[in-house]
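Please find below a colleague's note on the structure, set out as numbered points. The points concern the sheets, the turns and loops, and the surface.

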Amino acid sequence: MRFAAVIALAFGLAPASGLRLYRSDQRNVQRSVDDDDLDVPGKSPLKYCREDRADDIIKIESVDLLPNPPEAGAELIINAVGTVYETIEEGAYVNLQVKYGLIRLVNTRADLCEQIKNVDLECPIEKGLISITKAVNLPKEIPPGKYTVEADVYTLDDEHITCLKATVVFGRKDSSSFFDL
């Protein structure tokens with residue numbers, strides 16, 4: 001699967017269900033963070049990896065997918081809008097992990113500036129509002145099952161840009177039409 005398709009999946013996967021995060025506050029009292037607090041705004045099942053995003057260089061305003069969730073063999077249209085607070089220079093990287101069920105398919109560190117060309121952007125990515133619209137054809141040969149993607153992004157100087165995760169379940173296509181002659 002091309003890296004662009006993997007990135008498309010990272011921006012278009014169905015939400016992980018039942019996730020709960022716990023942390024202690026100053027009084028040593030446990031509190032639950034509602035899974036909705038991690039949702040990326042828009043019509044997308046993307047989630048942030050963590051509750052505290054104060055050091056993130058990008059604030060995502062919205063991500064919309066069509067179709068949502070993505071479907072094997074269909075075109076996936078991604079519309080994303082966000083604000084970049086610091087210019088992102090050459091050398092930025094993404095730690096990308098893709099799992100199929102419990103099997104790790106991809107665990108790599110990729111050059112963000114090389115990969116960002118897949119959505120028609122180039123480094124440096126200047127400060128300010130940024131908007132992306134991209135259509136990606138997902139292969140029809142994607143095996144049915146549960147896929148989990150996590151993309152943790154950093155600058156050359158290891159400053160945190162953002163971290164996103166998602167889960168999607170690709171099902172089997174109805175094969176009954178094969179028998180309908």
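1. In what order do the 3 strands of the open sheet lie, and is their pairing parallel or antiparallel? In this predicted model, the order is β4-β5-β8, and the pairing is antiparallel. The edge strands are β4, which covers residues 58–66, and β8, which covers 128–137; each of them pairs on one side only. From one strand to the next, the twist averages 15°.

2. The register between β5 and β8 can be followed residue by residue. Strand β5 comprises residues 75–84 and is joined to β8 by 10 bridges, the two strands running antiparallel. Two pairs may serve as reference points on the display: Glu75 stands opposite Asn137 in β8, and Ile78 stands opposite Lys134 in β8.

3. On the other side of the pairing scheme, β4 and β5 also run antiparallel, and 8 bridges join them. Here Ile60 stands opposite Gly82 in β5. The loop between β4 and β5 contains Pro69. The peptide bond leading from Asn68 to Pro69 is cis, with omega near 5°.

4. A further open sheet is built from 5 strands, in the order β3-β10-β9-β6-β7, and its pairing is antiparallel. Why is one side of β3 and of β7 left without a neighbour in the sheet? Strands β3 (47–48) and β7 (103–111) stand at the edges and each has a single partner strand, so one side of each remains without a neighbour there. As general background, strands of a sheet pair through backbone hydrogen bonds, in either a parallel or an antiparallel manner.

5. Within the 5-strand sheet, β6 deserves a separate paragraph. This strand, residues 93–100, runs antiparallel to β9 and is joined to it by 8 bridges. The bridge partner of Tyr93 in β9 is Tyr154. Strand β6 also pairs with β7 in the antiparallel sense, over 8 bridges. In that pairing, Gln97 has Asn107 of β7 as its bridge partner.

6. How many residues lie between β6 and β7 in their hairpin? There are 2 residues between these strands, and Gly101 in the turn has a positive phi of about 65°. A positive phi also occurs at Asp120, with a value of about 60°, although Asp120 is not a glycine. Asp120 is located in the loop between α2 and β8.

7. The loop between α2 (112–115) and β8 also holds Pro124. The peptide bond from Cys123 to Pro124 is cis, with omega near 0°. The backbone of this loop may therefore be examined at two places, given the cis bond before Pro124 and the positive phi of Asp120.

8. Which residues gather in a patch of negative charge on the surface? The patch consists of Glu86, Asp157, Asp158 and Glu159. One of these residues, Asp158, lies in the loop between β9, residues 145–154, and β10, residues 160–170. Both β9 and β10 belong to the open sheet of 5 strands, in which the order is β3-β10-β9-β6-β7.

Key: Residues are numbered from 1 along each chain as its sequence is written. This is a predicted model: local features need pLDDT of at least 70, side-chain atom pairs count only at pLDDT 80 or more; totals for chains, interfaces and linings use all residues. Side-chain values use heavy atoms; hydrogens and water are left out. Two strands pair if DSSP finds at least two bridges between them. Helices (H or I, at least four residues) and strands (E, at least two) are DSSP runs, numbered from the N terminus. Axes are lines fitted to C-alpha atoms, for helices over the stretch in contact, and angles run from 0 to 180 degrees between N-to-C directions. Patches are made of residues with over 30% relative accessible area and no salt bridge: like charges are joined within 9 Å, nonpolar side chains (Val, Leu, Ile, Met, Phe, Trp, Tyr) within 5 Å. Accessible areas come from the Shrake-Rupley method with a 1.4 Å probe; for residues, only the protein chains shown count as cover. A salt bridge is a side-chain nitrogen of Lys or Arg within 4 Å of a carboxyl oxygen of Asp or Glu. Lys and Arg count as positive and Asp and Glu as negative; His and the chain ends are not counted. The place of a charge is taken as NZ of Lys, CZ of Arg, CG of Asp or CD of Glu.
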